[in-house]
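Work through these exercises with the model open beside you. Try each task before you read its solution.

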Amino acid sequence: MKAATDLVARLTVGTGFSPSSRCRDKGLAKAWDAYFLTKTRNIGFMGGESMDELLLHDCRAADVDGDLGYTLTSDENGAEKIQLIESHRIKTGDVIDSRCCDGVWIDEYGRRAGYNVLLPGEGEKTMRIEARDFIYLAERNRPDELRSMTAFIHALNPLQDLYEIIAFAMTSAKRNAEIAAVLETPTPHDTPFNPRGFLVQAAQDASGDQPAVPAQYVTYDQIVAGGGKIPILKPGEKLSSHVHNHVPPEIQMWSEFIIRGIAAGYGLPFEILWNPEKIGGANTRMMTGLLRARLQQRRASLIFPKLNRVRYWLLSRAIKAGIFPFHPDLPHVDWNPNFMDMTVDAGRESRERRANVQSGLDTFTGFYAENGENYIEAELPKRREEIDAQCAQAEVLSKKYPWLTPEKALARIAILSAGGAELTVNSGTGAADPPAP
C-alpha cells in the first residue's frame, strides 16, 4: 500500500504547480505570482520545507491517516509559515464542551468553527485554533462530515487475512525445509552416536608401503553444524509434515481478488497496481483516462484548496504591509502544473494538440499550459522577438531587391523558417516573380 500511496502522490503533485493570476493589471499579476513562488520555497514551519514537498506529504497523509491540517502562523523572525498538524493531534483532549466533537469545534448550525490541537509534550492539553487560521485537508465522503477516515479503511481486514495466509504457508515451508534428517535411537536422551561419534569409515591396517589409516567418526554436533535440524525419535515414533499442495494457486486467486477490491475502493484502476503489463490496446487508454480523472479529483480536493488559501493569506498580509496595492481580482488565479500529465502516447497527443492550435480549435496558451509551460510569460516574448527579426530582414531584402515587396519577402522568410522548400516559396509567390535571392 505504501507503493500505491507514493505513486498516486507523485502523479498528483508531480514537480509542483505555478500560479497564474488573472488580475487585469498584468504587472501586478506578475508581481503577485513571483512573490508567492518566493515565499513558498521555504514555507514549512518545522524545517523550511517547500510547498511542493508539503503537497507530497499531504497526499500520503490524507490516504494513510484520513486527514491533516495546517496552521497559518509565523516563525520567531516574523516570516510567514504554515505548520503541519498531523491527524492524531486534532482531538478533543481535555475539553468537555459538547460543541467540540472529534477535535472539531462546531457552531449552532453544525459548521466548523475551529479545531482543537493537542499541544506536544503536555499530556491531553489542547489549544483551540479558529477556522480562519487553519487549513483542513481531506478527501471527504460526505459534505457534512467533521473528520475523514483513511482511504484504506475497507482494506485493513482483507489485507490482514492475506498476510496471515501467506505467513502460515511460509512458516510451514520453512519448517519442512529446516529438517535435514531423522535419527531413530533406543536412547533418545543420551548423546547421539555415543561420545565418540558415528563410524563412517573403518580403520585400515598398514600394508606394504601404505601406513595404517585410523577409523573416522562423525559426531552429532558436526552434522547439525552445517545447517538443518535432525530430530531424535524413539523406536516406533514417526515425524510427519503437512505439505500444502494447493495453497500457491489459491493465494494467487485470493491476492488478485483482495487487491482488486482495495484498488476499487481507493479509486484506482486495478491494473495500475497489479500486473500492468497485461493492459493492452484500447484498455490502456481507458485505464489512463480513469487514472487522470482520479488525479484531477485529488487535486481539486487536496491541492488547489491549500494553494488558494496560502496564496490569499500571503498576498493579504503583503497588501496590509503596503508591499502591494489592493485589487479586487486578488482571489482569481489559475494553477498550472510544472509537468506533463499522464498520457498513453505523448507524441501523438502532442501532434493532435498542435493541429488543434493551427485550426483554431485551441489556443497557444492552453497548449503550453498542458505541457507545464507558461505561453504568455515564456514563449510569447520569444515569438515577438522572432517576428520582429523577420520583419526587419524582410525590409532589408525589399530594399536590396526592388521587385520583392516587404509582404512577399516576409512570406518567403516565414515559410523557409517553418521548413518549407524553395519550390513552395516560388510557386506561392507566382511564376512571374524572379527567382528568390
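The exercises below go from the whole chain to single residues.

This is a predicted model: local features need pLDDT of at least 70, side-chain atom pairs count only at pLDDT 80 or more, and totals for chains, interfaces and linings use all residues. Residues are numbered from 1 along each chain as its sequence is written, and side-chain values use heavy atoms, with hydrogens and water left out.

**Exercise 1. The whole chain**

Task: Find how many helices and strands the chain has, and what share of its residues is buried.

Solution. Start with the DSSP runs: a helix is H or I over at least four residues, a strand is E over at least two, and both are numbered from the N terminus. The chain has 13 helices and 13 strands. Next, take burial: buried means under 20% relative accessible area, exposed over 50%, and partly exposed in between (1.4 Å probe, protein chains only). Of the 437 residues, 33% are buried. Last, look at contacts, meaning heavy atoms within 4.5 Å. Among contacts between residues at least 6 apart in sequence, 59% join residues at least 24 apart.

**Exercise 2. The cores**

Task: Which residues touch the most other members of the largest nonpolar core?

Solution. A nonpolar core is a set of buried Ala, Val, Leu, Ile, Met, Phe, Trp, Tyr and Cys residues joined through side-chain atoms within 4.5 Å. The largest core has 36 residues, and I82, I303, L307 and F324 touch the most other members. Elements that give two or more residues to this core include α1 (2–13), α3 (51–64), β2 (68–74) and α8 (282–320). The most comes from α8, with 9 residues. A second, separate core has 12 residues, among them L162, I258, Y266 and L295. Now zoom in on I82. Leaving aside neighbours within four places in sequence, I82 is in contact with residues including I43, F45, M51, L54, V310 and W313. In soluble globular proteins, nonpolar side chains tend to be buried together.

**Exercise 3. Two helices**

Task: Compare the span of α1 with the span expected at 1.5 Å a residue, then do so for α3.

Solution. The expected span is 1.5 Å times one less than the number of residues. For α1, 12 residues should span 16 Å, and the end C-alpha atoms are 16 Å apart, so the two agree. For α3, 14 residues reach 20 Å from first C-alpha to last, close to the 20 Å expected. Then list burial. In α1, the buried residues are A4, T5, D6, V8, A9, T12 and V13. In α3, M51, L54, L55, D58, C59, A61, A62 and D63 are buried. Finally, step past each end. G14, just after α1, takes a positive phi of about 60°. G66, just after α3, takes a positive phi of about 105°.

**Exercise 4. Cysteines**

Task: How many disulfides does a search of the whole structure find?

Solution. A disulfide is a pair of cysteine sulfur atoms within 2.5 Å. The search finds 0. Check two cysteines for burial. C23 counts as buried because its relative accessibility is 0%. C59 counts as buried because its relative accessibility is 0%.

**Exercise 5. An unusual loop angle**

Task: Where is D102 found, and is D102 buried or partly exposed?

Solution. D102 is in the loop between β4 (100–101) and β5 (104–106). Its phi is near 55°, a positive value in a residue other than glycine. D102 counts as partly exposed because its relative accessibility is 49%.
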